[in-house]
Amino acid sequence: MSTVSPVGPAKGYRRIATEEAFIPSELHRMYRELVASGSVDDPGFNSLIGYYLGHPSERARNVSERLQDLGERRLADMDSAGIDMQILSLTSPGVQVLKPDAAVAMARLANDQAAEAVRRHPTRFAALAAVAPQNPAEAAKELERAVTKLGMKGVIINSHTLGEYLDDPKFYPIFEAATALKVPVYLHPNTPSKKMIEPFLESGLDGALYGFAVETGLHALRLIVKGVFDRYPDLTVILGHLGEALPFWLFRLDYMHRGTVSSGRYDFLKPLKKPVSAYLRDNFYYTTSGMPWAPAIGFTQSVIGMDRVMYAMDYPYQYVHDEVRAQDALPISDADKKAFFQTTAERVFRL
């Protein structure tokens, strides 16, 4: 079993990376078949997955290979960068582009494989459960199995499922299961849906460069303004990439939402129990995946709360070898660094 070799001197905390992707080889092959056949009516999927599975560039090849490794290569990368533990999650879009029956079966297979990796390396890996929102009742059952039988620490939802969002009441069984099990929902990016992607694709902005943040931030706000957190006040949602820019918008979100509701502009938009910003502070946690930039981290910590921001790398999509060393030097106290790298994750994911 590999042992960690931290970057730099011992700092008095474990470095837990909280948004780290993998894919079973079976799903990898299925993606190839779907792209080749053109059978998924989702331009974002075909653009993103077509690139990572078929482009000859070194970046595409490295990401594709690393996604499939839950053994020595991944552990060596972690050791080299100074990561003590990864929280594994099925890469976007997960099973959410598959037919319902295939999605349910593939989510179960992915969870079994992730759980096996955790069993082999219990001090190095933990995992989030994959589910198939296409069948909300089965998704809730699989989440219960994954948490109670496999020891998983939450659930990963790769944003929209073929254009459908979790504020639709038909998806509420997933939230009911998560709250009953007391585990978080990690709302991870997906490419913009078919209805919104065209201007992003036209300018090459559909993926992580910008489209991911726009689409996932939209999804998070839909959950808030449609009253999901008033219905499920104990629901915990995690956003990566420092909240997909939402912390920067706190004042305007409150101001404009208050004005929109009070004016009666939309019949379906009802008053909430709290300001939008309160839900973003009370029901959400944030990770730094893909955003190893001290000014942005510091801003998010200042407006959301030091105890709401956790470290993540976004491996293997953004494997920045010296990232840990830079974040060891964040201008915060040693106690806050320990919370940032270790204890907040231990609390949220019940590690």
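Guide: Contact means heavy atoms within 4.5 Å. Helices (H or I, at least four residues) and strands (E, at least two) are DSSP runs, numbered from the N terminus. This is a predicted model: local features need pLDDT of at least 70, side-chain atom pairs count only at pLDDT 80 or more, and totals for chains, interfaces and linings use all residues. Residues are numbered from 1 along each chain as its sequence is written, and side-chain values use heavy atoms, without hydrogens and water.

Visitor: Which residues in α1 meet α5?

Guide: Helix α1 covers residues 25-37. On the α5 side, the partners are M106, L109 and Q113. From α1 come E26, L27 and M30.

Visitor: At what angle do α1 and α5 pack?

Guide: Axes are lines fitted to C-alpha atoms, for helices over the stretch in contact; angles run from 0 to 180 degrees between N-to-C directions. The two axes lie 9 Å apart. The angle between α1 and α5 is about 140°.

Visitor: Which helix gives the largest share of the largest nonpolar core?

Guide: A nonpolar core joins buried (under 20% relative accessible area, 1.4 Å probe, protein chains only) Ala, Val, Leu, Ile, Met, Phe, Trp, Tyr and Cys residues through side-chain atoms within 4.5 Å. The largest has 91 residues, and L143, F175 and L235 are among those with the most contacts inside it. Its largest share is 7 residues, from residues 100-120, helix α5.

Visitor: Which strands stand at the edges of the sheet?

Guide: Two strands pair if DSSP finds at least two bridges between them. Here 3 strands form an open, parallel sheet in the order β1-β2-β3. Each edge strand has a single partner, so one of its sides is left without a neighbour in the sheet. They are β1 (16-22) and β3 (125-127).

Visitor: What is the bridge partner of E20 in β2?

Guide: β2 runs over residues 85-90. It pairs with β1 in the parallel sense over 5 bridges. For E20, the partner is L88.

Visitor: Does K194 count as buried, partly exposed or exposed, and which is it?

Guide: K194 lies in the loop between β6 (185-187) and α8 (198-202). Exposed means over 50% relative accessible area; partly exposed runs from 20% to there. K194 has 48% relative accessibility, so it counts as partly exposed.

Visitor: Which side chain does K194 join in a polar contact of 2.7 Å?

Guide: A polar contact is a pair of N or O atoms within 3.5 Å; within protein, one must be able to donate a hydrogen and the other to accept it, and residues adjacent in sequence count only if both atoms are side-chain atoms. Leaving out residues up to four places away in sequence, K194 touches D41 and P43. The 2.7 Å partner is D41.
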